[in-house]
Structures are given as C-alpha cells and as structure tokens.
Amino acid sequence: DLEIRGAGNLLGAEQHGFLSSVGYDMYCKLMEETVREIRGEMGDTAAIETRMEYPVDAFLPAEYVPSDAQRIELYKRIASVDSREAVDDLVEEITDRYGDAPEQVGLLLDIALLKSFCNRIGVDNVTYANNQVKMRFAEGASPDLARLFAAVNAADRRLLFSARAPVSLMFRDPRFGAKELLRETLQAMERVTEGMKEAVVAV
C-alpha cells in the first residue's frame, strides 16, 4: 500500500524526478511478472531487481500519448527493452504513430536500457549524485571479477571498478549533468555487457 501510494500517477507527468519513487520504476516492478511471462522466463531471471534512482523527467506525457491504455502498453514494452536495436525499433514505431518524441520519452528509453544492461551483469542499484553514476552489484550476485575488470577497462576510462564489498562501478565526468551523464553511462555499460559476452564466447 505504501508503495502504491508513493508511486504517484503511473500514467501522467507525476512520474518525473527520482524514478524509484515515482511512476516508471514502480510500473516496471508491477509489470515484471507479465514481461517475464511474455519472454517465457521463470525463476532465477527474477532473482535480481535493479532499482533506478535517477533525477530526470522520464515518462510518457499524456499530451503525446493521450490514451491511458496505449500508455500502459508502451510502458510495458519500454520496460522490456534489452538491446539498442530493440530501442531503435520501438522509437521508429512510436515516432510513426505519435510524431517526434519529446525529451522525456528519450530519457525513459535510456533509463530502461541502462537498467537492462545493469541487471544483466548483476547490478541491483543505480544512483546519480554529484556528476557521477554509481552501480552497485547485488549481494547475491557473483560476477567473474577478472572478466568484469577487463570489460570495464576496455569500455571507457571514466568507468571505475571497485572490488571492495559491495562490488560496484562508478562512472564519473564532471563536464556533464544528469541527462548527458545518463547517455554516456549507457554507452559505457553497453560496451561492458558486450565485452563480458565476448569473453564468455572466447572461453
């Protein structure tokens, strides 16, 4: 009940601000079981829930997608994106249907994809403060630290790795604010996940 009352309006502009305490993250939490059923996933795929605490306005404006039912469907689809290609396809579809997307929609997609990349490697908490993004690994996660370290080093020099418990990654760049740093972090984490995947294939 507290989570529901604290979630704000799941369909409107009240979703702006810290996503973990407003619409998007709460909506994702409510929809995760449905998304897993669509993907045919069970059990361990739900073991780690990645919580996003990021101070940007990321939502679907009612004036852009007027129908509540259509916004619900789009939130569900955005919550399930897991690749750059999936995002590009969805952006093309949304643009064809509703016109050029406002900034809030782009930020929502960035948040969703970053969440997917982080969840894939075991990160359960993503926070932003003082021009840096911190990504903390879940207590029960067991990443291959050597492979993770190599992937991080190859991805971006601004991405820092800490093996001290809890294991975490930090992306820093004092030149950027929250919006720009979100996109930079997303690009770096995409390279990290690809690097870890390639290492597994090579093994």
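Reader: What makes D156 and R158 a salt bridge?

Author: Glad you asked! A salt bridge is a side-chain nitrogen of Lys or Arg within 4 Å of a carboxyl oxygen of Asp or Glu. The side chains of D156 and R158 come to 2.9 Å, N to O, so the pair fits that rule. A word on the basis: this is a predicted model, where local features need pLDDT of at least 70 and side-chain atom pairs count only at pLDDT 80 or more, while totals for chains, interfaces and linings use all residues. Residues are numbered from 1 along each chain as its sequence is written, and side-chain values use heavy atoms, with hydrogens and water left out.

Reader: How do you know that R158 and D173 meet in a salt bridge?

Author: The N to O distance is 2.7 Å, and the cut-off is 4 Å, so this pair qualifies too. R158 sits in the loop between α6 (145-155) and β4 (159-162), and D173 in the loop between β5 (168-172) and α7 (178-202), which puts them 15 residues apart. Helices here are DSSP runs of H or I with at least four residues, strands are runs of E with at least two, and both are numbered from the N terminus.

Reader: Why is R158 called buried?

Author: Buried means under 20% relative accessible area, exposed means over 50%, and partly exposed lies in between (1.4 Å probe, protein chains only). R158 has 15%, so the word buried applies. D173 has 3% relative accessibility and therefore counts as buried as well. D156 is also buried.

Reader: And R175, the partner of D173 in another salt bridge: is R175 buried or exposed?

Author: R175 has a relative accessible area of 62%, so it is exposed. Its salt bridge with D173 has the closest N and O atoms 2.8 Å apart.

Reader: Which residues belong to the network of salt bridges?

Author: D156, R158, D173, R175, E184 and R191 are linked in it. For the structure as a whole, the count comes to 14 salt bridges.

Reader: Let's turn to the rings. How many aromatic pairs does the structure hold?

Author: There are three aromatic pairs. One of them is Y64 with Y98, a tilted pair at 5.7 Å centre to centre and 55° between the planes. Y64 lies in the loop between β1 (51-53) and α3 (68-79) and Y98 in helix α4 (residues 84-98), so the pair ties together parts 34 residues apart in sequence. Y64 is buried, at 10% relative accessibility.

Reader: What makes the pair of F149 and F161 edge-to-face?

Author: Rings of Phe, Tyr and Trp (its six-membered ring) pair if their centres lie within 6.5 Å; planes under 30 degrees apart count as stacked, over 60 as edge-to-face and the rest as tilted. F149 and F161 are 5.7 Å centre to centre with 65° between the planes, so edge-to-face is the right label. F149 lies in helix α6 and F161 in strand β4, so parts twelve residues apart in sequence are tied together.

Reader: Why is F161 called partly exposed?

Author: F161 has 21% relative accessibility, so it counts as partly exposed. F149, with 41%, is partly exposed too.

Reader: What does the secondary structure of the protein come to?

Author: It comes to seven helices and five strands. Buried residues make up 43% of the 203 residues.
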